[in-house]
Amino acid sequence: MDVVNTDNEWTDEELEIAFQNKVDAEQRIEPKDWMPDRYRQTLIRQMSQHAHSEIVGMLPEGNWLTRAPSLKRKAVLMAKIQDEGGHGLYLYSATETLGISRDEMYEQLHSGKAKYSSIFNYPTLTWADVGAIGWLVDGAAITNQIALCRCSYGPYARAMVKICKEESFHQRQGYEIMMTMAQGTAEQREMAQDALNRWWWPSLMMFGPNDTNSPQSAQSMKWKIKRQSNDELRQKFVDATVPQAKFLNLRIPDDDLVWNEERKAHDFGEIDWVEFKNVVKGNGLCNRERLKARVDAHDGGKWVRDAALAYANKQKLRAVDAA
């Protein structure tokens, strides 16, 4: 349905129809464009959660910076962690275009109101976990984020183009670590298998609940914020990852995993949704530790923010005096 209004007095219904027509025509929505409040709030929730996940995601790997097995590994890991911090800043900036301040987003994270990806509430026990995170966690992120490059909201889509390029590097870096360990000593192969065993199911949980239990998914797809459902993305990830595990000669910890010739896809076992909900609610192994680390870092950096603000005010006063 096309909407033509010559009086410049649009009803809410006409605005919604015009907005949906624009989305259906694959035209990007920009910050100054009219948008439904539900669309705005959905984006704020998703984009801020994504930004929080990038920032909190620095913590599990940061745990291994001082214990990396070589200078090369340390340098590569440090570069990756810096990338993740940059991703968080891109996404916070993009979310601010929707009318929410960064301070408000931080407050929502620190108070527990806003969530971040449940995957980062699991501990990194060995160096192989750094490889598993790169291979599986970043691999799952890429599967989800490539579609976001075509998100209907312009600032989010543009931020994701750069982020996906860097995430692709992260995934290859993790896979290379796993390959090195899988081809190494018996102890190294055992560490690689153990990391796969512990990170496989949490990686599948990253895509969120099943479509039948994800009521917001259909609306997000109608608005073209999302392009594929949770289950479609999860299936895509499984089908891409199984051959990679076979190449490494590692076993995916799922007795129900089998190729379905009729579907031309892999059947796989049921996810432990009780564990997923428990971690999301804040009862995971590292929930409290991760949140405390973020709050402490924010509080510890207050003097830097205060100093920067004082300097900016001083420069402003000098400019006024000079004028």
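Asp33 is a good place to start: at 23% relative accessibility, this residue counts as partly exposed, because the buried class ends at 20% and the exposed class begins over 50%. Keep in mind as you look around that this is a predicted model.

Asp33 does not stand alone. Its side chain meets that of Lys22 in a salt bridge, with 3.0 Å from N to O. The two partners come from distant parts of the chain, 11 residues apart: Lys22 belongs to helix H1 (12-24), while Asp33 sits in the loop between helix H1 and helix H2 (37-56). Lys22 is also partly exposed, with a relative accessibility of 25%.

**More salt bridges**

Searching the whole structure turns up 19 salt bridges. Here are some of them, with the N to O distance for each pair.

| Salt bridge | Distance (N to O) |
|---|---|
| Asp33 and Lys22 | 3.0 Å |
| Glu289 and Arg290 | 3.5 Å |
| Lys302 and Asp306 | 2.7 Å |

In the pair of Glu289 and Arg290, how accessible is Arg290, and is this residue buried or exposed? Its relative accessibility is 6%, so Arg290 counts as buried, the cut-off being under 20%.

Lys302 and Asp306 offer another setting. Both residues lie in helix H13 (residues 302-322), and they are four residues apart, about one turn of the helix. Lys302 is partly exposed at 46% relative accessibility, and Asp306 is partly exposed too, with a relative accessible area of 37%. Elsewhere, Glu26, Lys224 and Arg227 are joined into one network by salt bridges that share partners.

**Two helices side by side**

Now turn to helix H7 (residues 154-182) and helix H10 (residues 230-248). Their axes come within 10 Å and cross at roughly 30°. That angle makes H7 roughly parallel to H10, because angles under 35 degrees fall in that class.

Which residues make the contact? From H7 come Gln171, Tyr175, Met178, Met179 and Ala182, and from H10 come Gln244, Phe247 and Leu248. Sorted by class, the contact of H7 with H10 has six nonpolar residues and two polar ones, with no charged residues.

If you would like to follow these features in the 3D view, begin with Asp33 in its loop and Lys22 in helix H1. From there, visit Lys302 and Asp306 in helix H13, and finish where the axes of H7 and H10 cross at roughly 30°.

Terms used:
Residues numbered from 1 in each chain as written. Predicted model: local features only at pLDDT ≥ 70, side-chain atom pairs only at ≥ 80, totals over all residues. Heavy atoms only, no water. Axes fitted to C-alpha atoms, helices over the stretch in contact; angles between N-to-C directions. Parallel < 35°, antiparallel > 145°, perpendicular 65-115°, else oblique. Contact = heavy atoms within 4.5 Å. Nonpolar A, V, L, I, M, F, W, Y, C, P; charged D, E, K, R; others polar. Salt bridge = Lys/Arg side-chain N within 4 Å of Asp/Glu carboxyl O. Buried < 20%, exposed > 50% of the residue type's maximum accessible area, 1.4 Å probe, protein only.
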